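Please open the structure in a viewer and keep a selection prompt at hand. The stops below are arranged as successive selections, each followed by an account of what is found there.

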Amino acid sequence: MTTMHHGETGSPVDVHDPKLTRFDIVKEGLRRDDIEIVTYESQFQGANSKAEKRVVRNISLLFLISGLFGLAFVVFYIVWPWKFAMGETRSDYYTPILGISLGISLFSLGIAILAWAKKLLPHELSIQQRHGDPSSDEERLITGQTMMYVADELGVQRRPLLKGAIGLGLAPLGLAAAAPLVGGLIQNPHRDAQPMMYHTGYDPVANGDKLVRLSREDGTPIRPEDVSAGGQMTVYPGIPGGATNKYADSPTLLIHLRADDAATALAAAESDKNGRNKGSMWGNYVAYSKICTHAGCPASLYEQQTNRLLCPCHQSQFLITNNAQPIFGPATRRLPMLPLSVDDEGFFVATSDFKDTVGPDFWERP
């Protein structure tokens with residue numbers, strides 16, 4: 001145990017003296033800062049004692065467990081089936097497995113760090129008075145040496161088992177942190193002839209190549225007179241299962257705009273710079289995907305007076321009369337517009353699927 005007295009005086013030590021040990025420089029820094037070390041002692045009787053080796057083994061085991069489950073997270077993230085399917089499928093366990101494996105990995109890492117601090121590091125109790133003067137060059141040198149001394153006291157260099165366990169434990173955890181970031185960019189959602197994010201329940205293919213009607217949640221079709229001026233209605237593809245999770249990307253907001261607002265919206269759609277919204281309105285009616293382009297929440301709060309559509313999750317706002325362009329919040333891409341028409345029986349139909357990517361498509365982010 002090393003003990004110093006508060007307010008100890010004496011001639012300054014030359015910290016550049018090569019004979020000084022790192023701890024000597026640390027003590028000199030403490031003396032200059034008027035610090036008293038009340039207690040500084042190892043928790044073990046001698047270096048590499050049986051008790052110390054036992055603690056090192058336990059901590060190493062925790063690091064290895066952390067690495068093992070971190071690696072399991074990466075493996076499950078890659079190989080476990082994740083696509084949603086109706087009924088009892090292995091994909092139902094995808095998220096729980098990822099959560100459990102990453103949770104155990106982080107928990108083991110946290111316990112390992114706590115055990116290291118509590119069981120391996122020396123006990124130290126110091127008292128320091130506050131100083132407001134700027135630090136000199138020598139004091140900065142002392143600070144650097146103090147930090148190096150603390151690193152030495154961690155004991156990693158003289159404990160190869162612990163060093164290896166840290167490497168094996170943290171490397172998979174680093175991969176686990178990077179996997180969701182990199183994995184989301186590996187598979188291009190636009191690679192197919194019919195890209196996944198352009199394919200919803202309104203695609204005529206899902207209806208035997210016939211145009212899909214817009215329907216209520218109970219499957220009944222919708223006529224224009226069912227929506228009053230200034231009103232709106234959530235609609236679904238009029239096909240079997242159209243309002244179920246099988247077509248969870250298809251909920252759409254059908255809006256009956258007032259005449260002046262409809263004229264503004266029509267002008268914006270017809271002058272759409274990429275041409276995708278041209279011809280998509282029917283009369284004073286317009287339909288937009290309810291899936292927010294920021295994080296996939298339901299953008300369903302319609303302000304009739306301002307013609308804004310709000311997403312309640314992160315407060316993104318879209319201007320209905322301007323191709324549903326985002327005007328506030330974190331969303332950076334407009335809501336896709338559903339091309340509308342009315343069939344021979346007077347019911348709304350989608351003339352095609354959405355022409356913009358539905359939902360939070362990160363490949364489209366600027």
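The tour begins at helix 6, which has 12 residues and reaches 16 Å from its first C-alpha to its last, close to the 16 Å expected at 1.5 Å a residue. The model on display is a predicted one. Select D261, A262, A265, A268 and A269, which are the buried residues of helix 6. On which side of helix 6 do they lie? They lie on the same side, because the arc that they cover around the axis is only 125°. Now add A259 and D260: these exposed residues sit on the face of helix 6 turned away from its buried side.

**The largest nonpolar core**

Next, select L257, V286, L309, F318 and I320. Within the largest nonpolar core, which has 21 residues, these five touch the most other members. Strand 5 (252-256), helix 6 (259-270) and strand 6 (285-289) each supply at least two residues of this core. The most is given by helix 6, with 3 residues. Another core lies apart from this one; it has 19 residues, and I239, Y285, I291 and L338 are among them.

Center the view on V286. Leaving aside residues up to four places away in sequence, V286 touches L253, L254, I255, L257, M281, I320, M337 and L340.

**Strands 5 and 6**

Display strand 6 as sticks. How many of its 5 residues are buried? The count is 5 of 5, and strand 6 is thus mostly covered. In a regular strand, side chains alternate between the two faces of the sheet. In strand 6, Y285, A287 and S289 point one way, whereas V286 and Y288 point the other way, and all are buried.

Then add strand 5 to the selection. Strand 5 and strand 6 pair in the antiparallel sense, over 5 bridges. To locate one of these pairs, select T252 and S289: the latter is the bridge partner of T252 in strand 6.

**Q317 and its surroundings**

Move to strand 9 (residues 317-319), where Q317 is found. Is Q317 buried or exposed? Its relative accessible area is 14%, so Q317 is buried, the cut-off being under 20%. Select R308 as well: the side chains of Q317 and R308 make a polar contact of 2.7 Å. For the wider surroundings, show R308, L309, L310, Q325, P326, I327 and F328, which Q317 touches when residues up to four places away in sequence are not counted.

**Helix 2**

Select residues 50-79, the 30 residues of helix 2. At 1.5 Å a residue, helix 2 should span 44 Å, and the 43 Å between its end C-alpha atoms agrees with this. Buried residues in helix 2 include E52, V55, I59, F63, G67, G70 and V74.

R57 is also in helix 2. Its relative accessibility is 46%, so R57 counts as partly exposed. Select R57 together with L162 and request the C-alpha to C-alpha distance: the two residues are 7.5 Å apart in space, although 105 residues apart in sequence.

**The whole chain**

Finally, zoom out to the full chain, which has 6 helices and 12 strands. Of its 366 residues, 38% are buried. Among the contacts between residues at least 6 apart in sequence, 65% join residues at least 24 apart.

Terms used:
Residues numbered from 1 in each chain as written. Predicted model: local features only at pLDDT ≥ 70, side-chain atom pairs only at ≥ 80, totals over all residues. Heavy atoms only, no water. Core = buried A, V, L, I, M, F, W, Y, C linked by side-chain atoms within 4.5 Å. Buried < 20%, exposed > 50% of the residue type's maximum accessible area, 1.4 Å probe, protein only. Helix = DSSP H or I, 4+ residues; strand = E, 2+ residues; numbered from the N terminus. Contact = heavy atoms within 4.5 Å. Polar contact = N/O pair within 3.5 Å; in protein donor to acceptor, adjacent residues only side chain to side chain. Expected span 1.5 Å × (residues − 1). Arc of directions from axis to C-beta. Pairing = 2+ DSSP bridges.
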